[in-house]
Amino acid sequence: MSVELTGSTLLTGIFGDPVAHSASPAMHNAAYAKLGMDRVYVPFHVRAAQLPAALRAIPALGILGVNVTVPHKERVARLLKRQSAEARLLGAVNCVVSRRGELFGDNTDARGLAQDLASLDVAIKGQTAIVVGAGGGAAAAVLALHRLSARQIVMVNRTRQRALKLAQRFKSARIDVQDLDELNNPGLIGRAALVLNATSVGLKAEPFLPLAYEAARPDCFFYDLVYAAEPTGFLRPARERGLRTADGAGMLLHQGALAFELFNGVKAPIEAMRKALNARLGRE
Ligand code: NAP
C-alpha cells in the first residue's frame with residue numbers, strides 16, 4: 001500500500017522488537033485511507049536499551065501515540081507516571097497517547113478481547129472459563145472474563161507460582177489455580193463454557209498440551225490468543241470435533257480499533273481495518 005505524505009502528515013506507530021511481523025500498520029493505515037486522514041502509522045524497531053529515549057521522542061517529534069508490543073509492554077508500564085487504572089491492574093501498557101507533551105499509558109487488550117467474545121456470541125455470564133497461561137495475555141483474558149461476569153475462572157499454568165501471583169491481583173474475581181495436567185481432566189473440561197489459550201504453544205502448528213477435548217460440552221468455545229494463517233495446534237482438535245473456535249485475530253482487531261480511537265479521537269472504521277488485517281493474514 002502506498003501512503004501519500006504531505007507537509008503536515010501526522011505520525012502514529014508501534015514500538016516492538018521484533019516489529020516487522022506486526023499486522024498493526026496494515027490495519028491503522030487502512031483506517032487512515034478510509035477516513036481520508038493525513039496521518040500515517042509506522043513500525044519502529046525499538047530495542048530495550050533505546051526504550052526510554054524512544055518514549056521521550058514521542059512528544060519531541062509530535063507523534064500522536066504509539067502501540068507497544070513484545071517485549072516492552074511491562075517495562076513501559078514501569079516507566080510511565082500517568083496511566084489508566086486498567087494498565088496499572090494489568091501491569092502492562094499496549095498504547096501510549098501523547099497529549100500536550102504528556103504521555104499517558106493505557107491497555108486495550110482486555111476490552112478488545114471482551115468485544116471479540118461478545119461479537120462471537122460466547123456466553124460467559126455465570127459460566128466456568130479456563131485460561132491456559134499466566135503472562136500478559138492471560139492477565140488481559142482474566143480481566144475480560146471477570147467483566148463478562150464469569151462465575152469461575154480456572155487458571156492453569158506451567159509455573160504455578162506465576163498463576164498464583166496473577167490471581168492475587170484480581171481480588172474480586174473467583175479464580176482457581178490448577179496445574180497444567182488438569183487440562184487432561186474430563187471433569188474440569190466438561191464444566192467449561194470457554195477454554196482460552198494464552199500461551200504461545202501451538203503457534204507453529206505443533207500439537208498442543210494434553211487436553212481432554214473429548215469431554216468438552218457441545219457448546220464449549222475454544223479461543224486461542226495466538227493468530228496464524230493455519231488453525232493452531234490448540235484449535236485443530238476442537239475444530240475436528242465440530243466445536244466452535246476462534247483465534248486471536250479478532251482480539252487484535254478490536255484492541256487496535258480502540259487504540260486508533262485513543263490516538264485520533266475519531267471512531268475507527270472497523271470493517272476497513274478487518275479487511276486489511278485479513279489480507280495481511282492471507283484470509284481474503
Ligand atoms: P508471556 O507473558 O511470555 O506468557 C507466556 C505464557 O506461555 C506463560 O504462561 C508461559 O508459562 C506459557 N508457556 C510458554 N511456553 C510454554 C510451554 N512450552 N508449555 C507450557 N506453557 C508455556 O506471553 P503473553 O504476552 O501472555 O502472550 C502469550 C500469547 O498470546 C503470545 O503468543 C501472544 O502473541 C498472544 N497474544 C495475542 C494478543 C492478541 O491481540 N491476539 C494479545 C496478547 C497476547 P510459564 O509462566 O510457565 O513460563
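How many residues surround the ligand, and which are the closest? Select the ligand and expand to its neighbours: you should pick up 20 residues, with Ala 134, Gly 137, Asn 157, Thr 159 and Leu 225 as the closest. Keep in mind as you click around that this is a predicted model.

Next, colour that shell by residue class. It splits into 9 nonpolar, 9 polar and 2 charged residues. Switch on a pocket surface too, and you'll find the ligand sitting in the largest pocket.

Now zoom in on the polar contacts. Start at Gly 137, where a polar backbone atom is 2.7 Å from an oxygen atom of the ligand. Then pick Arg 158: here a polar side-chain atom does the job, lying 2.9 Å from a ligand oxygen. Hop over to Gly 248, whose backbone offers a polar atom 3.0 Å from a nitrogen atom of the ligand. As for cover, the ligand taken alone exposes 930 Å², and the protein buries 74% of that.

Pull back and show the cartoon. Select helix H6 (136–147) and helix H10 (249–264): each supplies at least two residues of the shell around the ligand.

Stay on H10 for the last stop, and display the aromatic rings. The structure holds 5 aromatic pairs. One of them joins Tyr 32 and Phe 260, a tilted pair with 5.1 Å centre to centre and 45° between the planes. Tyr 32 belongs to helix H1 (residues 24–35) and Phe 260 to helix H10, so this pair ties together parts that are 228 residues apart in sequence.

Methods:
Residues numbered from 1 in each chain as written. Predicted model: local features only at pLDDT ≥ 70, side-chain atom pairs only at ≥ 80, totals over all residues. Heavy atoms only, no water. Near = heavy atom within 4 Å. Polar contact = N/O pair within 3.5 Å; in protein donor to acceptor, adjacent residues only side chain to side chain. Areas by Shrake-Rupley, 256 points an atom, 1.4 Å probe, with all protein chains shown as cover. 1 Å grid on protein atoms, 1.4 Å probe; cavity = no way out; pocket = protein on both sides within 12 Å on 5 of 7 lines; lining within 4 Å. Sits in = over half its atoms within 2 Å of the grid points. Helix = DSSP H or I, 4+ residues; strand = E, 2+ residues; numbered from the N terminus. Nonpolar A, V, L, I, M, F, W, Y, C, P; charged D, E, K, R; others polar. Phe/Tyr/Trp six-rings, centres within 6.5 Å; stacked < 30°, edge-to-face > 60°.
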